[in-house]
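Let's take a walk through this protein together. Have a look at the sequence and the structure first, and then we'll go through the parts one by one.

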Amino acid sequence: FFSSRRRHTRYISVTGVQTCALPISLVALKINLEMVSKLMPKDTMKANEYLNESKQILSNTINVLRNMSFFLRPTILDELGLVHTIESYASVFTTRTNIPVEVSSNLESKRFQQDVELSFYRMVQEALTNVVKHSEAQNVQIRIYEKNTELVLSVKDNGKGFDIEKKKEETIDERSVGLLGMRERFASIGATLNIFSVPGKGTEL
């Protein structure tokens, strides 16, 4: 109870600040776009500076909204359960990206605690987002199953992969932030996240 209460208190505190910052970010984005329209085509260099700043503002805003949405439970989870919700999301993902996703499970319609289902569902969302943005994969395999008393989720792609140790040494980028967020989310429910990746041989979370 204590850890759950502490987690939700932290969420309210953090997202409260983030929510207050959203209108400021959107106003800044609007001003930047207005400046771009005034500068084009006479000063393309300055216009590009505004565009680059606007992209950064938009990226930060998306991250804030993603973090806020993590704590909002989709009604489809309550209606269909974890496995069928993941299957539904994978189907939509394939339709939009033309990247086939195979989902396999031995759980059928088994239900779990709400925070566990939500964390695993968000994990799938984040992993598939990384597939589109970074991996250049041609297909993805998702497995969710029980092993002994553990619930296991695996998301594996056949993309370009990356050097994990090298990535740790590099400046934090969007993928690193996403993986860090996943680690924190899994830790909050007593789970662990393992990452396996080799350049040219894909990635498995």
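## A word before we start

A residue counts as buried when its relative accessible area is under 20%, as exposed when that area is over 50%, and as partly exposed in between. Arg111, with a relative accessible area of 39%, is therefore partly exposed. Keep in mind that what you're looking at is a predicted model.

## The overall layout

The protein has seven helices and five strands. If you follow the sequence from start to end, they come in the order α-α-α-α-β-α-β-β-α-α-β-β.

There are 205 residues in the protein, and 36% of them are buried. How do the contacts spread along the sequence? Take those between residues at least 6 apart in sequence: 69% of them join residues at least 24 apart.

## The nonpolar core

The largest nonpolar core has 33 residues. Those that touch the most other members are Leu82, Phe120, Val140, Ile142, Ile144, Leu153 and Leu205. Helices α4 (82–97), α5 and α7 (174–187) each supply at least two residues of this core, and so do strands β2 and β3. Which element has the largest share of this core? That's α5, with nine residues.

Leu153 is a nice one to zoom in on. Leaving aside residues up to four places away in sequence, Leu153 touches Phe120, Met123, Val124, Ile142, Arg143, Ile144 and Leu205.

## Salt bridges

How many salt bridges turn up in a search of the whole structure? The search finds four, and here are some of them. Lys110 pairs with Glu146, and their closest N and O atoms are 2.9 Å apart. This pair ties together distant parts of the chain, 36 residues apart: Lys110 sits in the loop between β1 (101–105) and α5 (114–135), while Glu146 is in strand β2 (residues 140–147). Lys110 has a relative accessibility of 40%, so this residue counts as partly exposed. Glu146 is partly exposed too, because its relative accessible area is 29%.

Back to Arg111: its side chain meets that of Glu117 in a salt bridge, at 2.9 Å from N to O. Is Glu117 buried or exposed? With a relative accessible area of 0%, Glu117 is buried, whereas Arg111 is partly exposed. Another salt bridge brings together the side chains of Glu136 and Lys160, at 3.6 Å from N to O. Here, too, distant parts of the chain are linked: Glu136 is in the loop between α5 and β2, and Lys160 is in the loop between β3 (150–157) and α6 (164–169), 24 residues apart. Glu136 counts as exposed because its relative accessibility is 59%, while Lys160 is partly exposed at 41%.

## The second largest pocket

Now for an open space. The second largest pocket has a volume of about 500 Å³. Its lining is made up of 22 residues, and the closest to the centre are Glu150, Leu151, Val152, Leu153 and Thr192. Elements α5, β2 and β3 each supply at least two residues of the lining, and β3 gives the most, with five. Sorted by class, the lining has 13 nonpolar, five polar and four charged residues.

Two of the names by the pocket centre deserve another glance. Leu153, one of the closest residues to that centre, is also among the core residues that touch the most other members. Glu150 belongs to strand β3 and, at 53% relative accessibility, counts as exposed. The C-alpha atoms of Glu150 and Ala191 are separated by 9.4 Å, though the two residues are 41 apart along the chain.

## The closed cavity

The structure holds one cavity of 30 Å³ or more, and the largest cavity has a volume of about 160 Å³. Which residues lie nearest its centre? They are Ala127, Asn130, Asp157, Thr203 and Leu205, out of 15 that line the cavity.

Elements α5, β3, α7 and β5 (203–204) each supply at least two residues of this lining. The largest share comes from α5, with five residues. By class, the lining of the largest cavity has six nonpolar, five polar and four charged residues. You've met Leu205 before: this residue is also one of the core members that touch the most others.

Definitions and conventions. Residues are numbered from 1 along each chain as its sequence is written. This is a predicted model: local features need pLDDT of at least 70, side-chain atom pairs count only at pLDDT 80 or more; totals for chains, interfaces and linings use all residues. Side-chain values use heavy atoms; hydrogens and water are left out. Helices (H or I, at least four residues) and strands (E, at least two) are DSSP runs, numbered from the N terminus. Buried means under 20% relative accessible area, exposed over 50%, partly exposed in between (1.4 Å probe, protein chains only). On a 1 Å grid over the protein atoms alone, a cavity is a set of points where a 1.4 Å probe fits but cannot get out, and a pocket is an open set with protein on both sides within 12 Å along at least five of seven lines; lining residues have an atom within 4 Å of a point. Grid points are joined across faces, edges and corners, and a volume is the space filled by probe spheres set on the points. Ala, Val, Leu, Ile, Met, Phe, Trp, Tyr, Cys and Pro count as nonpolar, Asp, Glu, Lys and Arg as charged, and the others, Gly among them, as polar. A nonpolar core is a set of buried Ala, Val, Leu, Ile, Met, Phe, Trp, Tyr and Cys residues joined through side-chain atoms within 4.5 Å. Contact means heavy atoms within 4.5 Å.
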